[in-house]
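Reader: I am in my first year and would like a close look at one part of this model. Please take the sheet and the loops that follow in the chain, and explain the terms as you go.

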Amino acid sequence: MRTITLCFFISLVLVFSCNQGADQQSSVTGIDKLASQFFNININKDTVLKTLNGAILDIAKGSLSSSDSVVQLEIKEAYSLEEMIKARLTTQSNSQPLSSGGMLYINAAGGQQIKITKAIRVAVPTKFYNSKMQLYKGEQTAD
């Protein structure tokens, strides 16, 4: 009887916690929950970066433009379904979900203004290769 009561109570708590307003963001999820990695690079030199999770970014000289010759990039990675859910990341096109082999967030750090002027080559680690997957440049929204 105790087990049934306990299960009922836990279910009740889950139902009420899942029915909170959709506009409330959980403090447990969000892109800020992914670890940030910071890299200082000289935009006037060819640079190859390797992230903690194994992504390789090949940034050729002149790929970035800035008023400073040394810039700082912030990079966040999400490769597993768990990381994507934790960060509230989704991919969709025409309101249809897309399959994802992983996601990288690359941004200027420290308030710097950086513009990408040439393509940056990126290699993402994977256990399974799917030749039909393509690069998808997403848009960050409030939710």
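Author: Below is a description of one sheet, followed by two loop residues. This is a predicted model, in which local features need pLDDT of at least 70 and side-chain atom pairs count only at pLDDT 80 or more, while totals for chains, interfaces and linings use all residues. Residues are numbered from 1 along each chain as its sequence is written, and side-chain values use heavy atoms, with hydrogens and water left out.

The sheet is open and has three strands in the order S1-S5-S8, with antiparallel pairing. Strands (E, at least two residues) and helices (H or I, at least four) are DSSP runs, numbered from the N terminus. Two strands pair if DSSP finds at least two bridges between them. Strand S1 (37–42) and strand S8 (103–108) are the edge strands, each pairing on one side only. On average, neighbouring strands of this sheet are turned by 30 degrees against each other, direction ignored; the axes are lines fitted to C-alpha atoms, and angles run from 0 to 180 degrees between N-to-C directions. Strand S5 (residues 70–78) pairs with S8 in the antiparallel sense over six bridges. Lys76 stands opposite Tyr105 in S8.

Now the loops. Most residues other than glycine have a negative phi. Arg88, although not a glycine, has a positive phi of about 60 degrees. Arg88 sits in the loop between helix H2 (81–86) and strand S6 (92–93), and is partly exposed, with a relative accessible area of 30%. Buried means under 20% relative accessible area, exposed over 50%, and partly exposed in between (1.4 Å probe, protein chains only). Ser95 is not a glycine either, and has a positive phi of about 65 degrees. Ser95 lies in the loop between S6 and strand S7 (96–97), and is exposed, at a relative accessible area of 63%.
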